[in-house]
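Biologist: Please take a close look at a single part of this model and set it against its surroundings. I should like the terms stated with their cut-offs.

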Amino acid sequence: MSTLLAPLRPYAGRAVVVGVSGGADSVALLRALVQVRARPVVVHLDHALRPGSAEDAAWVQAFAAQLRVGHMGTRVDVAAVAARRGWNMEDAARRIRYEVLGRGARQHGAEAVLTAHTRRDQAETVLMELLRGEAALTGIPSVRGRVRRPWLDVSRSEIEGYLEALGQDWREDPTNADVTYTRAWLRAEVMPVLAARFPGIEAALARVAKLSQQDNQALNDLAAALTPHGPREQLPLAVLRRRVAQELRAASLPFHAGHIDQLAQAHRSGETRHVTLPGGQDITVTGGALHLGGHLFASPAFSWPDGWTLRKRQAGDRIRLPGGTRKLSDLLTDLKVPRQQRDQVPLLVSGQGVEWIGLEPNIWAVGAREAAGQKADPVDTAMGEALMLAHEAALAQEVPVGAVVLDPAGRVVGRGCNTSRVDGDMTRHAELAALRAAAAELGTPYLSGCTLVVTLEPCPMCLGAALEARVGRIVYGARNPRAGALGGVSDLLTSNWGHVPTVTGGVRAKEAARLLRASFQELRRRKSESADL
């Protein structure tokens, strides 16, 4: 009896709603709650699925009166609701039951809703999940919202023994023996066969549920901590599947396991994939990001010069970029704009070619921004200055990294490049020099609202310094696969720090990577020549 009463003692003196069908499990739960001096309110749902259901409802009402506890009865035509909403019968009954229990809790000011699910129910649920091919065999959770299931470790024999000791009768629902229902089929025909070979099958399946719940929670926590800037290609598919599911649930979109697999695979590979969810909702994974709607396009919010035309793309369109002239079609592919949306991208075009592309962020041809009278992007300009500082470091045979700090107005207040070799000090990184200079310029160690722009993804040391300085935004160029702290090796921002900056990666990344490659090639050449001597 202690295994029955012990989980209920925390509810002593508290108002709780308890779902009572009239079956042995729920009758025992109500009697036990009264025994531990809880203040239960009985909620009974008549599903109207069989002729004798009204008799069960009357029995439960009389039982509640006998125990002198509150009672709320509700009759719902579950079959009609299931037909109207396209639900199967078991799913409809479950949804309506919890809706009625929740309503009862609100009406009676109950702190919790208790249901009498037992170890047998848990084992059957795990088997159902296995047969459906669920990603995790988590069974019935012991807690969900205000719902509590205190008897998931209790066997049916313990419950029947408890009722027999009390001389308490109960009702038997004939539908529990109807094997057209999956749960009844498992209970009547499958579990007895399994138990004959594996006597501990019920406890074993319940243990699987408990361990799977713990594993699933850990993976869900990892998925929830993923940052928008973090790379996906090195993440386990188990984490990516849960991240995709979380995003779809947050958007109230229906999905099946196959949709999650497709989207998670595309996340990891970096490919662009389009998936149609139930109900016709189109969704796209591209560039490691999930787009629940169409791609974001921007209309020009400025006056453009005479001779420029606003239109959509045409065959042969080209754009002049700092690295040379490129085909528009190739650029849109690199930017991972979904193929079916490329003809929707707004363009401003002159006789010289494409001048402006209406993506977020906007893309300008060389000289086009100035021609349109628009101010230069301060971050892009700052990255250009950081690249020049990185070049200076390369000339001094340092690792070519440069950094610039912008104040909230976009003014450069700090600059720095690597000087570790010259100073004989491995802490002399570009970011630290720029942060120190900015703090001196602004007269404060806290750089809230400032932006750190650096040519290479920061290492853990430099990221830590930026966090301590309360930098508002970090912008970097090339990814750092050897020491990157924003995803190159590990994304440290997935942990809960006191301050978390926004992060933008890949700004002028090709220029930064090209400088790094050239510098290391020169370093290897010098080492080779020294070895030959």
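**From the surface to the annotated site**

Modeller: Leu131 counts as exposed because its relative accessibility is 58%; here, exposed means over 50% relative accessible area, buried under 20%, and partly exposed in between, with a 1.4 Å probe and protein chains only. The model is predicted, so local features need pLDDT of at least 70 and side-chain atom pairs count only at pLDDT 80 or more, while totals for chains, interfaces and linings use all residues. Residues are numbered from 1 along each chain as its sequence is written, and side-chain values use heavy atoms, with hydrogens and water left out.

Leu131 is found in helix 6 (residues 119-132); helices (H or I, at least four residues) and strands (E, at least two) are DSSP runs, numbered from the N terminus. Together with Val179 and Trp185, Leu131 forms a nonpolar patch on the surface, with about 270 Å² of accessible area. Such areas come from the Shrake-Rupley method with a 1.4 Å probe, and for residues only the protein chains shown count as cover. Patch members have over 30% relative accessible area and no salt bridge; nonpolar side chains (Val, Leu, Ile, Met, Phe, Trp, Tyr) are joined within 5 Å, and like charges within 9 Å. A salt bridge is a side-chain nitrogen of Lys or Arg within 4 Å of a carboxyl oxygen of Asp or Glu.

The part I have chosen for the close look is the annotated site. An unreviewed UniProt entry places the feature "active site" at Glu431, and the feature "binding site" at His429, Cys459 and Cys462. The three binding-site residues are spread over 34 residues of sequence but cluster in space, the largest C-alpha distance being 9.4 Å. UniProt positions follow the numbering used here, feature names are shortened, and annotations may be inferred rather than shown by experiment.

Glu431 lies in helix 16 (residues 430-442) and counts as buried because its relative accessibility is 3%. Leaving aside neighbours within four places in sequence, Glu431 is in contact (heavy atoms within 4.5 Å) with residues including Leu452, Val454, Cys459 and Cys462. Cys459 sits in the loop between strand 18 (451-456) and helix 17 (460-468), and counts as buried at 11% relative accessibility. With the same sequence neighbours left aside, its contacts are His429, Glu431, Ala483 and Ala485. Cys462, in helix 17, counts as buried at 0%; beyond four places in sequence, Cys462 is in contact with His429, Glu431 and Leu432.

Strand 18 also holds Thr455, which is buried, with a relative accessible area of 2%. Residues that Thr455 touches, not counting those up to four places away, include Met383, Ala386, Gly477 and Ala512.

The largest nonpolar core has 40 residues, of which Met383, Val405, Leu447, Leu463, Val471 and Leu486 touch the most other members. Elements giving two or more residues to this core include helix 16, strand 18 and helix 17, while helix 14 gives the most, with seven. A nonpolar core is a set of buried Ala, Val, Leu, Ile, Met, Phe, Trp, Tyr and Cys residues joined through side-chain atoms within 4.5 Å. In soluble globular proteins, nonpolar side chains tend to be buried together. Contacts of Val471 beyond four places in sequence include Leu435, Leu447, Leu452 and Pro501. Apart from this core lies another, of 31 residues, among them Leu4, Leu8, Ala112 and Ala116.
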